[in-house]
Amino acid sequence: MRVPEAALEAALDARRVVVVTGAGMSAESGVPTFRDAQTGLWERYAAEDLATPEAWDRDPAFVWAWYLSRFGAVAHVEPNAGHRAVARWAALADVRVVTQNVDDLHERAGSRDVVHLHGSLASFRCARCETAYAGTVDVPDTEVDRVDPPTCPRCGGRVRPGVVWFGELLPLDAWEQAVALVEAADLVLVVGTSGIVHPAAGLPAVARRAGAAVVEVNPLETDVSDVAHVVWRESAAMALPALVDSLAPALERR
Ligand code: APR
């Protein structure tokens with residue numbers, strides 16, 4: 001695998017690296033991206049139809065069943081070589097992860113202090129009093145299209161997924177941390193995102209304006225491509241290990 005010279009040079013020169021990831025980062029783990037069609041029971045629905053406050057208000061059991069299906073799917077997959085390469089890189093240099101993904105694959109590969117812009121499938125809270133829900137969440141063995149969400153032990157409200165829905169604000173602390181990280185970075189690697197959903201999609205431009213080198217890793221052209229200094233048309237699980245393998249000897253000598 002040939003690593004683009006400009007990407008390798010930027011990575012060797014960088015003292016502070018931020019890897020901004022989207023659904024494509026988890027694609028080679030078997031987690032479908034958002035722009036792929038939904039699979040199975042959910043194939044006739046788009047995320048935009050399910051991940052919204054309106055869908056939840058209309059039929060919470062339907063939305064809850066979809067999240068249980070995704071939560072169960074992620075529990076059965078493993079981090080891929082791309083996740084592992086990012087964690088290895090962070091052991092050799094100052095590398096932080098900012099992700100739009102709600103799976104825990106970066107953490108399971110060893111990345112720490114991952115900034116989750118859109119929340120996490122593994123966190124739940126009361127839709128009424130906002131109290132975090134630490135109770136059990138039972139994933140049905142078979143695909144069902146309606147499951148009543150748990151009730152909040154504190155106020156009796158419905159427990160909802162701890163993810164950001166379309167039309168909702170991002171967690172302010174996560175957003176502010178993400179902006180601070182990319183503004184301070186020398187290199188921002190943008191991996192596996194279509195760059196469609198804002199404000200996360202604006203981070204590469206924030207990084208570029210702040211003087212960082214921006215490298216995109218994505219097999220396809222995206223809304224990020226014009227902002228990137230280097231466009232690497234490759235998959236995450238192929239590109240990232242090749243990059244870190246090329247960097248490791250120099251980083252280990254530092
Ligand atoms: N390696 C790298 N990139 C890949 C791979 C891969 N193996 N496979 C697909 N991709 C790219 C696609 O080309 C696409 O550009 O990943 C991107 C996935 O784009 P989306 O499905 O739009 O996912 P994402 O950009 O993360 O969506 C952003 O939208 O639905 C909301 O909240 C949800 O966080 C999500 C947000």
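**Ligand surroundings, annotated residue and nonpolar cores**

In this predicted model, an oxygen atom of the ligand lies 3.3 Å from a backbone N or O atom of G192. Polar backbone atoms of two other residues also approach the ligand: that of F34 is 2.9 Å from a ligand oxygen atom, and that of A236 is 2.9 Å from a ligand nitrogen atom. The accessible surface of the ligand taken alone amounts to 730 Å², of which the protein buries 90%. In total, 21 residues surround the ligand, and the closest of them are A23, R35, T193, S194 and N218.

The UniProt record, an unreviewed entry, carries the annotation "active site" at H118. This residue is placed in the loop that runs between strand β3 (115-116) and strand β4 (119-126). H118 has a relative accessibility of 14% and therefore counts as buried, the limit for that class being under 20%. Its side chain comes to 3.3 Å from the backbone oxygen of Q100. Q100 is also among the residues in contact with H118 when neighbours within four places in sequence are set aside; the others are T99, V102, G162, V163, V164, L170, V197 and A200.

A second buried polar residue, S26, is located in helix α2 (residues 24-27). With a relative accessibility of 1%, S26 counts as buried. Beyond its neighbours within four places in sequence, S26 contacts V31, N80, H83, N101, D103 and L105.

The largest nonpolar core comprises 30 residues, of which V19, W89, L187, L189, V191, L240 and L243 touch the most other members. Two or more residues of this core are supplied by each of the helices α1 (5-13), α6 (81-92) and α10 (236-253), and by each of the strands β1 (16-21), β2 (94-99), β6 (187-191), β7 (213-217) and β8 (230-232). Helix α10 makes the greatest contribution to the core, namely eight residues. For L243, the contacts outside its neighbours within four places in sequence are V3, A7, L8, A11, W89, L189 and W232. Apart from this core lies another, made up of 26 residues that include W42, L68, V159 and W165.

Technical notes. Residues are numbered from 1 along each chain as its sequence is written. This is a predicted model: local features need pLDDT of at least 70, side-chain atom pairs count only at pLDDT 80 or more; totals for chains, interfaces and linings use all residues. Side-chain values use heavy atoms; hydrogens and water are left out. UniProt positions are given in the numbering used here, feature names are shortened, and annotations may be inferred rather than shown by experiment. Helices (H or I, at least four residues) and strands (E, at least two) are DSSP runs, numbered from the N terminus. Buried means under 20% relative accessible area, exposed over 50%, partly exposed in between (1.4 Å probe, protein chains only). Contact means heavy atoms within 4.5 Å. A polar contact is a pair of N or O atoms within 3.5 Å; within protein, one must be able to donate a hydrogen and the other to accept it, and residues adjacent in sequence count only if both atoms are side-chain atoms. A residue is near a molecule or strand if one of its heavy atoms lies within 4 Å of it. Accessible areas come from the Shrake-Rupley method with a 1.4 Å probe; for residues, only the protein chains shown count as cover. A nonpolar core is a set of buried Ala, Val, Leu, Ile, Met, Phe, Trp, Tyr and Cys residues joined through side-chain atoms within 4.5 Å.
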